[in-house]
Number of protein chains: 4
Amino acid sequence: MFDQLFIPHPEAEKPTPLRPRKGVIVGAGNVGLACAYSLLIQDCFDELVLQDINRQKVEGEVMDLVHGMSFINPTNLIAGTVADAGKDADIVIITAGAAQKPGESRLQLVGRNVAIFRGILQDVVTYCPAAILLIVTNPVDIMTHVALKISGFPSSRVIGSGTVLDTSRFRVLLGNRLNIDSRSVHAYIIGEHGDSEVPVWSTANIAGKKLLPKDWESLSPSEQAELTDIFIQVKN
Amino acid sequence: MFDQLFIPHPEAEKPTPLRPRKGVIVGAGNVGLACAYSLLIQDCFDELVLQDINRQKVEGEVMDLVHGMSFINPTNLIAGTVADAGKDADIVIITAGAAQKPGESRLQLVGRNVAIFRGILQDVVTYCPAAILLIVTNPVDIMTHVALKISGFPSSRVIGSGTVLDTSRFRVLLGNRLNIDSRSVHAYIIGEHGDSEVPVWSTANIAGKKLLPKDWESLSPSEQAELTDIFIQVKN
Amino acid sequence: MFDQLFIPHPEAEKPTPLRPRKGVIVGAGNVGLACAYSLLIQDCFDELVLQDINRQKVEGEVMDLVHGMSFINPTNLIAGTVADAGKDADIVIITAGAAQKPGESRLQLVGRNVAIFRGILQDVVTYCPAAILLIVTNPVDIMTHVALKISGFPSSRVIGSGTVLDTSRFRVLLGNRLNIDSRSVHAYIIGEHGDSEVPVWSTANIAGKKLLPKDWESLSPSEQAELTDIFIQVKN
Amino acid sequence: MFDQLFIPHPEAEKPTPLRPRKGVIVGAGNVGLACAYSLLIQDCFDELVLQDINRQKVEGEVMDLVHGMSFINPTNLIAGTVADAGKDADIVIITAGAAQKPGESRLQLVGRNVAIFRGILQDVVTYCPAAILLIVTNPVDIMTHVALKISGFPSSRVIGSGTVLDTSRFRVLLGNRLNIDSRSVHAYIIGEHGDSEVPVWSTANIAGKKLLPKDWESLSPSEQAELTDIFIQVKN
C-alpha cells in the first residue's frame, strides 16, 4: 500500500546522490561502540558499517543505535563487513583484537592479534584500497606497524591512536592544575603508548608561554615532584 | 611554581561567571552513562554531576570521561551527589533503580524502587527545589507518577521518558519502509511504555499527508498485517 | 625558511586526501554572501568557491571571510569560477541575476536573466556535469525551469528555493500565534513563489492534530480573517 | 479559535522555564548584524535583543532573521532595548558608534562616540548590572577603556575585541604559508588594534615548535622580508 503514498512523476529520473562519506568500525566491543556512538552523534559519516565476528551481537547493537536515529542527523548504520556494505569506505577504524589470557605473554598476545589483523586487512586491501586505516587495537603502536606492513598502504594512510588519549589526559590534568581550559594547554605525550611514553616538558606552553621557564634541572625537587605526579596520573 | 605562571593584575577583580547550566544524572549504569556521554558531546551543560550508590564506580567513570574532555567543548564533570555538587541543578535525570530479581513480581520491584526514589527525591526537593525532573527508571510511567507524588513538584516539572524511544523506533521503521528520512515521519506511540502502548495510526502523516487514507477498517488484511508487524517490532 | 620547519620523512608518500565536498555559489551579492556565511559557519563543505562577474568585489569578500576562518572548522574558500576552482563541484548555488530596471517589464527582466544563465550553465554543464543545481535567482520558479531546460540535467538535480522561505515564515508566524516552537508546526506554502502562492490550510497540523477542525467554510468570518492575516504577512 | 487547539489540563501549573541565556547587541549595522547572524546559527542564546537608534531598521532586520528561524535551533530574537527586552542580559555587545566625518579628527570622533556610549551604558548599568560588556566599536581599545570607566564595572567584565581578528588573520596567513590548519598555528598580534599593533614572533609556535629558531636578528634579510610581508597583510 505504501507504494502509492508518493507516486514519482513518470518523467522523473532517479536522484543522483552525492558520494557518501563512508566509515567502517571493525570490532564492536566497548571501544568500537563508544567510537560509533560518538561518530553518530557528531554526524561524521553518511554511512557507517559495524563489523564484528559475533554477527548476532553487532546486529543487536546496530538495531539499538538505529532506533534512536530520529533524534540526530541520521547516518545509514549497517551491521556488515568491509567486504559487503563497507566497500570503498573512506576510513576503516580497527578496534578488534584478542584479550590477554592468564599466563599469556605480551608477545603471544601480539601473535594472536597479528593473525586477526591478517584476516581483516586482506578484505580492507581488496575492498577499500583508498581508505585511511585508523588502528586502536592494543598494543597500539605495534599493531599500527603490523597494519602498515600487512596492508602495504603508504604511511600517510596508516594512523595509530598512539598517545592521543594520553596527551588529552595530560592537557586536562595540567588545565585543572592551572585553572585553564584544557584546550588552551599545548603539551604532548610522545613515544610508545604505555610504560615507556614520555612527557615533552620542554615545549609545553600556554599561549606561547613555556610551562618550564628554563629546563627540568632548574626546577626545585618539590616542583619536579609535582610535575612527575601529573605524568604518573596520565600513565595510570 | 605554577602560581607564578599567570600573575593577575593586582587591581583585577575575580571574574563573575555566567550562571552555569547544571545537570545531575542519578544512576551511573549503562543508561545513565549513555546519557552522560551524549550530553557531554552535545555540550548541553556547563556542569554535570554523576551520582551513584557505588561511589568508586562513578569516580572511575568520571575520570575516564574527563580525560577525553580536551576533544570537545569541556563540561565540568563531577562525581558527586544532588546534596553537594548538584545543588541548584536545572535538571535532575533519574536512571537509578533496582533490577528485577528472579521470582520477584513487578509490584515487588516497584516497591523497592519507590524506596530508592524516596531517598533520591528527598535530596532533590531540599537542594534543587526549582529543578526539572526527568525520570527514566522502569516501569517508567509508574515511577514518574511516584516521583510526582513524592516530590510534590508541579506536573510541568516532572517528565517521564515514556514512549519517546518507542516513538523514535516507530518513525525509523516507517521511514525505512517508505524510504524517507525518519525526521520527516510524524507518528506517535502513546499510552504506557510497554505491553499496552498504542500506535496512533489515525494521525500518522508525512508532510501533512496521512499514512492511512481512510481508517484502519478500510485497509486490506495484508495491509493491516504489514502495519501490525511494524508496531510489533517497535514493542520488542 | 619555513620549508625547513617540518621536514617530511624521506620515505613518506603524499597523503591521499578524502574526496572533498565542494560547492560553488554563483553571485556574491547580499543573498550569495549570506548563503556563504551560513554554509561556512555550519561547516557544510571542504571547498567553497565564490564566483561573481565583479572579480575584485568577490576577492575582497573572500579575503574578509577567510580571515575569520580560525574561529570555525575551516573551509577552503576561494574566489574563482565554475570553470577553474569549481570543477566537479557537488552543488552549484545560483544567486546571480539582473535587478529590475525602472520601466522594465517582468518579462524583459526574465529575458536578461536567461542570457546570464546561459553563460553560467554552459560552464556548469561542462565542468560540473554531476552537480546538483540550486536556483535562488528571482523569479525563482521560472529561472529554475530555465535552468532545467538549458542544462538538460535530470529534474532530480535541479532544485529551486521556491516557497521554502515562505513556508518557514508561515511556520514561524503560526508558531508565534500558538506559542509553539515553529519546528513543531507542519504547514506549507505551495505554488509559485510570489503573488499567486497558496497556504495549504487543509494539511496544516501540530503533532498530527489538524489546525482546521473541519474545512475553511466552517470557520467563522473572524477566524478566516485571522488566518488570512497570517498568510498576508507571509507574502509581504 | 486557536485557543481551543491545545487545552491545558485544569490542574496543570505553568511550566517554570530554565533561566534563559540572554544577550543584547547594541548597533544593528553590518558588524552588529553579522554578529547576530553568526550567534543565531550557532545557537548561543535563548533570547537575543537587537537595539538600534533606527528603530524601524532594526525591526525590519529582526523580522527577516526571525522568518528563517525554523531552519535552526530557534532563539527568541527581539527588536528592543537594554531597558526593556534586554533587562538582566548576560552579555551586552556594543557595535554602535559614529562614522568618521570628512575633516573630522580621530579625537573628535572619539568625543562623539563617548557621548553615544554614555547613553548606552547608563541603561546597561541600570538594567544589566551583572552583564559582561563586549566592546567592538572603533577605536576599539579606547572605547573599551571608556566603557570601563563609564560603567564602573570590574575589568574582568569589560572586554574589547582588540586584536582578536588581527590574530585570526595572522594565523590564517601563517597557516596558508606553512600548509597547516590555522587552528594549529599559535601566534598572537598584541598591542592596540591598528597601526601600532605588534606581531609576537618570539612565541609563535606550531605544536610547541617555535617558528623562529633563534631570534629576529638571526634571520636573513629575505626571511625578515617574508615575515614582515605577512604582518603587513594582517594590518591592512
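Here a visitor and a guide talk through a predicted model, asking what lies behind some of its labels.

Visitor: What makes R21(C) and D46(A) a salt bridge?

Guide: A salt bridge needs a side-chain nitrogen of Lys or Arg within 4 Å of a carboxyl oxygen of Asp or Glu. The side chains of R21(C) and D46(A) meet at 2.5 Å, N to O, so the pair passes that cut-off. Side chains of opposite charge can pair when their charged atoms come close. Over all chains, the structure holds 32 salt bridges.

Visitor: Why do we say that the pair R21(C) and D46(A) joins two chains?

Guide: Look at where each partner sits. R21(C) lies in the segment before β1 (22–26) of chain C, while D46(A) is in the loop between α1 (30–41) and β2 (47–51) of chain A, so the pair joins two chains.

Visitor: How many salt bridges are there between chain D and chain C?

Guide: Zero salt bridges are counted there. There are, however, ten residue pairs in polar contact between chain D and chain C, both residues at pLDDT 80 or more. On the chain D side, α1 (30–41), α5 (164–178), β11 (209–210) and α6 (221–235) each supply at least two of the residues that touch chain C. The largest share, nine residues, comes from α5(D).

Visitor: What makes up the side of chain D that touches chain C, by class?

Guide: That side has 25 nonpolar, eight polar and nine charged residues. The contact takes 42 residues from chain D and 42 residues from chain C. Together the two chains bury about 3,600 Å², with 70% of it on carbon and sulfur atoms.

Visitor: How do you know how chain B and chain C are related?

Guide: A turn of 180 degrees, with a shift of 0.0 Å along the axis, lays chain B on chain C with an RMSD of 0.0 Å. The two copies are thus related as by a two-fold rotation axis. Of the residues of chain B, G208(B) comes closest to that axis, its C-alpha at 3.9 Å. The same surface serves both copies, as 100% of the contact residues of chain B recur in chain C.

Visitor: And chain A: why is it called more spread out than a compact globule?

Guide: Chain A has six helices and eleven strands. For its 236 residues the globule rule gives 18 Å, but the radius of gyration is 22 Å, well over that value, so chain A is more spread out than a compact globule. Along its principal axes, the C-alpha trace of chain A spans about 80 × 40 × 30 Å.

How values were computed: Residues numbered from 1 in each chain as written. Chains lettered and ligands numbered in written order. Heavy atoms only, no water. Contact = heavy atoms within 4.5 Å. Buried area = accessible area lost by both parts, 1.4 Å probe. Polar contact = N/O pair within 3.5 Å; in protein donor to acceptor, adjacent residues only side chain to side chain. Helix = DSSP H or I, 4+ residues; strand = E, 2+ residues; numbered from the N terminus. Nonpolar A, V, L, I, M, F, W, Y, C, P; charged D, E, K, R; others polar. Least-squares fit on C-alpha atoms with pLDDT ≥ 70 in both. Rg over C-alpha atoms; globule rule 2.2 N^0.38 Å.
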